Amino acid sequence: MTIERVVDEHIEAYLRHLRAERGLSPNTLAAYRGDLEQFAELTGRGGADLRWDKLGERDLERFSLALQERRYADTSRARKVAAVRSLFRFLAEEELVEHNPAERIQTRRPSRALPSVLSEEEVVAILRAASEQEGAEALRDRAMLEITYAAGLRVSEVVGPTGLRLNSLHLEDGEVRVLGKGSKERIVPVYPGVARLVGRYVRDARPVLLAHSRARGTTDALFLNARGRALTRQGYWLVLKRCAARAGVESRVSPHTLRHSFATHLLSGGASLRHVQELLGHATIATTQIYTHLTDGQVLEAYDAAHPRA
C-alpha cells in the first residue's frame, strides 16, 4: 500500500520562493523539502491540517531533540534546524504567520572537518602517472586532471551534465568558462601549459574517442569515455584512482581532493583569500576560510624563521 504524501501549501510556497529567487537546483530543493516535511512529522502535527501559526519555540526544541535521539550527525541537525528557521523567516515576511517562533532559537554551528589535501609532490606524481600511458585515453586523463587542478574545478564542473563543453574553452585567452553551483557561470584562468595540453587533446584524442560512439548525433561534452560518450563522475573517479595507484600515492584521493589541493597550494604560495574565493566560485568568503587552517603550519615555520626571539 502506497502512502500519499501530504502537500503543505506553506512548504510549497517557500520552495517556489527558493526556486524563483535563489535559483536553487532540484537536488537542493528536494533536500529542503525532506527536512521541512520531517519537521512537520516529528512535531506530531503533520498532516493536511497543520497550523504553522500555532507552532512555537517548544516545537522547534522538540524537533532538535528528536533529531538528536535519532542520532543524526551534528552537521545534519544543524542543516535541518536551519531549514526550519529559514522557512519561518519567509512565512513571517510574507505575513503567513503572525510571529516567528524560530527568531530566538540558536543553533550550534558544527565544526567543519578539514578537507583532505595532497602535497605538491603528490599532485605532480599523479599528473605524471596519467601521462605514462599512450593513446587517446591517456591524453584525455592527463588533460582532464591537469585542468581540474589548474583551475580548482569541482568534478561536476568538469564532467557530467554541467561539465565542460567544447565552447567552454577560450584557450587562446588562457581562460575556461565554468558552470558552477546554482547555474552560476565564472571565468577561470589556466596557465599556458594546460591550455596547450587541452588543445592537443581536443585536436588529437577527442576525435578518436568520438569515433567509437554508436549513438546517433554527437556530444559537445569535452571529455569522452572509451565509447565516445560523455564521461561521468564515476568514470572520472576511476581515472583518478587508477593514476593515484600508479603514482604510489597512499593518501586518500577523491576528485574533490584536487580542488582542495589547488586552494591550499595557492594560499601557501601567497594568493589572497579573496582571489581564491573568486577562483573557486564560493558565494561567501567564509567557505574559503577553511583552507587557512591548512596553511597554519607554514605560518608557524615562517614565524620561527623570522622572529628574533623564536
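This briefing walks through a small sheet and two loop residues with an unusual backbone angle. The structure is a predicted model. Its sheet is open and built from 3 strands with antiparallel pairing. Arg71 and Glu95 are the two residues to look up in the loops: Arg71 has a phi near 60°, and Glu95 has a phi of about 60°.

**The sheet**

- Following the sheet across, you meet its strands in the order 1-2-3.
- Strand 1 (169-170) and strand 3 (185-189) each have a single partner strand and stand at the edges, so one side of each is left without a neighbour in the sheet.
- Strand 1 is joined to strand 2 (residues 175-179) by 2 bridges, and these two strands run antiparallel.
- To find this pairing on screen, look for Leu169, which stands opposite Val176 in strand 2.

**Backbone angles in the loops**

- As background, most residues other than glycine have a negative phi.
- Arg71 has a positive phi, near 60°, and is a residue other than glycine.
- You will find Arg71 in the loop between helix 3 (57-69) and helix 4 (74-93).
- Arg71 has a relative accessible area of 77%, and exposed means over 50%, so Arg71 counts as exposed.
- Glu95 is not a glycine either, yet its phi is positive at about 60°.
- The loop that holds Glu95 lies between helix 4 and helix 5 (120-130).
- Glu95 is exposed too, with a relative accessible area of 70%.

Key: Residues are numbered from 1 along each chain as its sequence is written. This is a predicted model: local features need pLDDT of at least 70, side-chain atom pairs count only at pLDDT 80 or more; totals for chains, interfaces and linings use all residues. Side-chain values use heavy atoms; hydrogens and water are left out. Two strands pair if DSSP finds at least two bridges between them. Helices (H or I, at least four residues) and strands (E, at least two) are DSSP runs, numbered from the N terminus. Buried means under 20% relative accessible area, exposed over 50%, partly exposed in between (1.4 Å probe, protein chains only).
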